[in-house]
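Okay, thanks for coming, everyone. I'll put the structure up and then walk through a few parts of it with you.

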Amino acid sequence: MAKARTQFICQSCGTVHNRWAGKCENCGEWNTIVEEDPMGGIGSGPGKTPKKGRPVTLTALSGEIEEAPRIHTAMSELDRALGGGFVRGSAVLIGGDPGIGKSTLLMQAAAALARRGHKIIYVSGEEAVAQVRLRAQRLAAADTDVMLAAETNVEDILATLAEGKRPDLVIIDSIQTLWSELAESAPGTVTQVRTGVQAMIRFAKQTGAAMVLVGHVTKDGQIAGPRVVEHMVDAVLYFEGDRGHHYRILRTVKNRFGPTDEIGVFEMSDKGLREVANPSELFLGERNEKSPGAAVFAGMEGTRPVLVEVQALVAPTSLGTPRRAVVGWDSARLSMILAVLEAHCGVRLGQHDVYLNIAGGYRITEPAADLAVASALVSSLAGIALPADCVYFGEVSLSGAIRPVAHTAQRLKEAEKLGFSAALLPSASAELPKGSGGRWSEVESLPDLVARIAG
Ligand code: TYD
Ligand code: MG
């Protein structure tokens, strides 16, 4: 046998390097490169005779499969993020910071499914069975038939699952605790995590069970992060939230069987996660209506409108280089809006610190928030509060023009539902709702906006 050759693998992104380095050139993370034996398990063992496959034409398949068979969880926020429930025979990765509530979410989902007669196996590698039971008790899930196992060894888990007589859903909490005898590197490394995940995916494909894999997001690279298995699974969801706030967002970033821009919103309580059917009410709950610098953005998350407050503070600086601090939005985008305000509207901000915050710890990714951000900035600088019953949306281009965005009617409908009777929106917005009582005014450009607020 050839001499074992080790490789250096980044624990964050999985890139293979020829030699050790302090920084991974691919993902830019520091101290994440670890020496591993990449062939651990693969190729060792007795040789297998190759099997001949038989290709089939697509037309021969038509009529056979109508839609991916799904397991609905009865938790509508989870189903929404998954695109309609767990798909049989597929693997889903649920990633998130430690302590954000992944185990809680999955225990609740497992209990809900078990109540509807599904067979669920929950494999915990981090907590003992008694601990998992304790959590289930707290979640009022202890009276269900969810089967628990505390195991970390891949071969043991597969044996347990095989004995479990065709489970509908298997939860592995977490992938970082998986270790296989076939791979030689330490538990938690890329090779171990990959080998374990591969085995779990194979089990799902062979038995038609839905496989849910929990992955902790790691900052220091001591253990492999979920990114190294993202491409192996069918769907990737991230569970996000701010420690200082109670709500949590389940965000879909990859889905082979559904849309990727959906979110599910939950609120963490002492009895577990509560579903939030109307997120706008949550994000607008803390509103202080009369202060300058606040603008309500009518946003979209997938197919659902979400209203959220954008807060800006513009104040004279005492530093040589003024500060720009952003929470919940893209800082490059803020720089762009500031540059456009300077270049086209004569708004001088070179001597001002600028702070931007999205209320409630929420994170906006849509460019449609540009207009709300610009309005909040101008309002704060001018010291003039914006009308409390108005929402804002539209994309700002480098020329200062306000460009139309999609889903105008849905945004306005949600605003009306929550008691907003006015909106500033791009001109040439199609699909304006007819016959509604709202005052929808169109803005052509950023100078036009500045004139309306401060003029
Ligand atoms: P957990 O699901 O263990 O997080 P993860 O699996 O992502 O690491 O959740 C841990 C946090 O959630 C912990 O700080 C306590 C809190 N929590 C509640 O607030 N209410 C509850 O009912 C439960 C079960 C947990
Ligand atoms: Mg956990």
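**A helix pair to begin with**

Let's start with two helices that pack against each other: helix 9, residues 370-382, and helix 11, residues 446-454, with an angle of about 40° between them and their axes 10 Å apart. If you're wondering about that choice of numbers, two packed helices are described by the angle between their axes and the distance between the axes. So how do helix 9 and helix 11 lie relative to each other? Angles under 35 degrees count as roughly parallel and 65 to 115 as roughly perpendicular, with oblique for the rest outside the roughly antiparallel range over 145. Helix 9 and helix 11 are therefore oblique to each other. And the hand of the crossing, for helix 9 and helix 11, is right-handed.

**Stepping back**

I should say right away that this is a predicted model. The chain has 455 residues, and 44% of them are buried. In secondary structure we get 11 helices and 23 strands. If you take the C-alpha trace along its principal axes, you get a span of about 80 × 50 × 50 Å.

**Just before helix 9**

Back to helix 9 for a second. Alanine 369 is in the loop that runs between strand 18, residues 352-358, and helix 9. Is alanine 369 buried or exposed? The cut-off for buried is 20 or more other C-beta atoms within 10 Å. Alanine 369 has 29 of them within 10 Å, so it's buried. Here's a contact across the sequence, too: alanine 369 and glutamate 309 are 60 residues apart along the chain, but C-alpha to C-alpha they're 10 Å apart in space.

**The seven-stranded sheet**

Strand 18 also belongs to a sheet. That one is open, has 7 strands with mixed pairing, and runs in the order 17-18-16-15-19-22-23. Which strands sit at the edges? They're strand 17, residues 324-327, and strand 23, residues 439-443, and each of these pairs on one side only. From one strand to the next, the twist averages 25°.

Let me zoom in on one pair in there. Strand 19, residues 390-392, and strand 22, residues 422-426, are parallel partners, with 3 bridges between them. If you want a residue to click on, cysteine 390 stands opposite alanine 422 in strand 22.

**Around strand 11**

Next up is strand 11, which covers residues 235-241 and has 6 of its 7 residues buried. It has partners in both senses, so to speak: with strand 6, residues 91-96, strand 11 pairs in the parallel sense over 5 bridges, while with strand 12, residues 247-255, the pairing is antiparallel over 7 bridges. The link from strand 11 to strand 12 is a hairpin through 5 residues.

Alanine 235 is a handy place to look. It's the bridge partner of valine 92, and alanine 235 also stands opposite asparagine 255 in strand 12.

**The ligand**

Now the bit you've probably been waiting for. Ligand 1 has 15 residues around it, and the closest are Gly101, Lys102, Ser103, Thr104 and Gly272. Which helix gives the most to that shell? That's helix 3, with 3 residues. Helix 3, residues 102-115, and helix 4, residues 129-138, each supply at least two residues of the shell. Sorted by class, the shell around ligand 1 comes out at 6 polar, 5 charged and 4 nonpolar residues.

**The N-terminal strands and some odd backbone spots**

There's also an open sheet of 3 strands, antiparallel, in the order 2-1-3. Its edge strands are strand 2, residues 16-17, and strand 3, residues 33-36. Strand 1, residues 7-10, shares 2 bridges with strand 2, and isoleucine 9 has valine 16 as its bridge partner there.

In the loop between strand 2 and strand 3 you'll find asparagine 31. It isn't a glycine, yet its phi is positive, about 55°. Asparagine 31 counts as partly exposed because it has 14 C-beta neighbours inside 10 Å.

Alanine 74 also has a positive phi, about 70°, and again it's not a glycine. You'll find alanine 74 in the loop between strand 4, residues 70-71, and helix 2, residues 76-82. With 12 C-beta neighbours inside 10 Å, alanine 74 counts as exposed.

One last spot: the peptide bond joining aspartate 173 and serine 174 is cis, with omega about 5°. Serine 174 is in the loop between strand 9, residues 169-173, and helix 6, residues 190-207. That's my tour, thanks.

Notes
Residues are numbered from 1 along each chain as its sequence is written. Chains are lettered from A and ligands numbered from 1 in the order in which they are written. This is a predicted model: local features need pLDDT of at least 70, side-chain atom pairs count only at pLDDT 80 or more; totals for chains, interfaces and linings use all residues. A residue is near a molecule or strand if its C-beta atom, placed from the backbone, lies within 6 Å of it. Helices (H or I, at least four residues) and strands (E, at least two) are DSSP runs, numbered from the N terminus. Ala, Val, Leu, Ile, Met, Phe, Trp, Tyr, Cys and Pro count as nonpolar, Asp, Glu, Lys and Arg as charged, and the others, Gly among them, as polar. Two strands pair if DSSP finds at least two bridges between them. Axes are lines fitted to C-alpha atoms, for helices over the stretch in contact, and angles run from 0 to 180 degrees between N-to-C directions. A crossing is left-handed if the near helix is turned anticlockwise from the far one by less than a right angle, and right-handed if clockwise.
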